[in-house]
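The following exercises concern one protein model. Each gives a task and then a solution in steps.

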Amino acid sequence: MTTKDIAEIRRRFRPEKTSISRIRGCFVNEAHQISATFNQSLGLMREEETEELLTILRKVLSGTQNKNLHPVAFSTAQVLEGEHHRRLTALRDTALEDEAAVTALYEAVIANTAIEGSYMILLAADSYDYSGYRADGEKDEDSTKTFRYFVCALCPIKQTRPALGYLAEENRFCSLTGDQVIGAPALGFMFPAFDRRAANIYEALYYTRDTADNHTDFVSAVLDGELPPPAAVQKETFASVLAESVGEACSYEVAQTVHEQICVLAEFKPAKRDEEDERPMVSKRMITGLLEDCGVDEPHVTAFGENYDRAFGVGTELPPANLVDKKRFDVTTPDVVIRVKPEASDLVQTRIIDGEKYIMIRAEAGVEVNGFPIRIGEE
């Protein structure tokens, strides 16, 4: 799914646009057992309650692609004969009314989810009527299509603490007991994908809030799929491969150049929907080229290529947003942390003076220490 496809479906999760009429699901207690199930009509709920539920479900389609949102592909064999795909299709086709499929989904989720404490499984089905587009890019009102799909969200239950309150109508203070509140989804998915504004039964869209944990057991048991390492792991592994391969040859200028060039790729924003497939990725060839341009010697460049293949796989390309923080550029020593805006990294330089190593920062106007402006220079 492209960014625009995801945004289009996200807009469905508003009271005035959705055709979701019911929310069903179950409450899973700390013993990993279902203690309650529900199948509730939104029409019987207050407007603010409906809006809050839709907001929770909408978060399953939130975050950064390849970081929080991951496509999970199905092979032709899985689509034709796979038990997991057959279950997902039954849930989609019956708008979550196939009780056997719902029960099987609950069992698969509970047996393969590592959420601590109690949580809630929320399910909602939607039917989206939309217009296609003509060759000139204008909407074709005569080509109305229908996209049917469902979403699943796993939401931790948060226990609020008892607190002292005040009842204005009774003009007195009183103790308010703790309540159980539905938290934001920890993970979830949508099936099928909405790909180029059409149903793609060969793909689901998976969501995880924690970029350091892809919940691989859940993905395998519920969607019968595999995911690449989590974004946080990719970033840590890439930094480790670079440091171990280049070693002492990894100067400030090398680290700065690699960071800047990856940020350029991460900033890419496709102008058209079809250009989403052309998003630039970080490859071994790109990084080895940067190292060569920075004057790193051939043995270190070769070592990086070999370690990259060993860590990520031959021919693997990585999403640039997973490898850098576009808003931060940190220089760290055991005692000092220097945080610089990436676009201002040229203000930092390294020097050796009288045999001692120094990190130098060019000071411009507006220097403060603990909030106090200071003057640098001779009196």
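## Exercises on a predicted model

Immediately after helix α4, residue A95 adopts a positive phi of about 50°. The model is a predicted one, and the exercises below begin with this helix.

**Exercise 1.** Determine which residues of α4 are buried and how they are arranged around the helix axis.

*Solution.*
- Step 1. Apply the cut-off: a residue is buried when its relative accessible area is under 20%. In α4, the residues H84, H85, R87, L88, L91 and R92 are buried.
- Step 2. Consider the directions around the axis. These residues cover an arc of only 160°, which puts them on the same side of α4.
- Step 3. Recall the helical repeat. An α-helix has 3.6 residues a turn, so residues three or four places apart point the same way.
- Step 4. Inspect the other face. Turned away from the buried side of α4 are the exposed residues E83 and R86.

**Exercise 2.** Carry out the corresponding analysis for helix α1, residues 3–10.

*Solution.*
- Step 1. List the buried positions: D5, I6, E8 and I9.
- Step 2. Project them down the axis of α1. They fall within an arc of 160°, so they line one face of the helix.

**Exercise 3.** Locate L96 and N171, which have positive phi values, and decide for each whether the residue is buried or exposed.

*Solution.*
- Step 1. For L96, phi is about 70°, although the residue is not a glycine. L96 belongs to the loop between α4 (83–93) and α5 (99–111).
- Step 2. The relative accessible area of L96 is 3%, so this residue is buried.
- Step 3. For N171, also not a glycine, phi is near 55°. N171 occupies the loop between β6 (163–167) and β7 (172–176).
- Step 4. With 59% relative accessibility, N171 counts as exposed, the cut-off being over 50%.

**Exercise 4.** Identify the residues joined by a cis peptide bond and place the proline in the fold.

*Solution.*
- Step 1. The cis bond joins F191 and P192, with omega about -10°.
- Step 2. P192 is in the loop between β9 (187–191) and β10 (193–194).

**Exercise 5.** Describe the surroundings of N29.

*Solution.*
- Step 1. N29 sits in the loop between β1 (22–28) and β2 (34–41).
- Step 2. A polar atom of the N29 side chain lies 3.0 Å from the backbone nitrogen of A31.
- Step 3. Setting aside neighbours within four places in sequence, the contacts of N29 are S35, G117 and S118.

**Exercise 6.** Characterise the environment of V219 in helix α6.

*Solution.*
- Step 1. V219 lies in α6, residues 216–223, and at 1% relative accessibility it counts as buried.
- Step 2. Not counting residues up to four places away in sequence, V219 touches V72, Y206, N214, D224, G225, E226 and L227.
- Step 3. V219 and V109 are 110 residues apart in sequence, while their C-alpha atoms are 9.3 Å apart in space.

**Exercise 7.** Summarise the whole protein by its elements, burial, contacts, surface and charges.

*Solution.*
- Step 1. The protein contains 10 helices and 18 strands, and its C-alpha trace spans about 75 × 65 × 45 Å along the principal axes.
- Step 2. Of its 379 residues, 40% count as buried.
- Step 3. Among contacts with a separation of 6 or more, 62% involve residues 24 or more positions apart.
- Step 4. The exposed area is about 21,800 Å², of which carbon and sulfur atoms supply 49%.
- Step 5. There are 42 positive and 63 negative side chains, and the centres of the two sets lie 5 Å apart.

Methods. Residues are numbered from 1 along each chain as its sequence is written. This is a predicted model: local features need pLDDT of at least 70, side-chain atom pairs count only at pLDDT 80 or more; totals for chains, interfaces and linings use all residues. Side-chain values use heavy atoms; hydrogens and water are left out. Helices (H or I, at least four residues) and strands (E, at least two) are DSSP runs, numbered from the N terminus. Buried means under 20% relative accessible area, exposed over 50%, partly exposed in between (1.4 Å probe, protein chains only). Contact means heavy atoms within 4.5 Å. Accessible areas come from the Shrake-Rupley method with a 1.4 Å probe; for residues, only the protein chains shown count as cover. Lys and Arg count as positive and Asp and Glu as negative; His and the chain ends are not counted. The place of a charge is taken as NZ of Lys, CZ of Arg, CG of Asp or CD of Glu. A polar contact is a pair of N or O atoms within 3.5 Å; within protein, one must be able to donate a hydrogen and the other to accept it, and residues adjacent in sequence count only if both atoms are side-chain atoms. The arc is that of the directions from the helix axis to the C-beta atoms.
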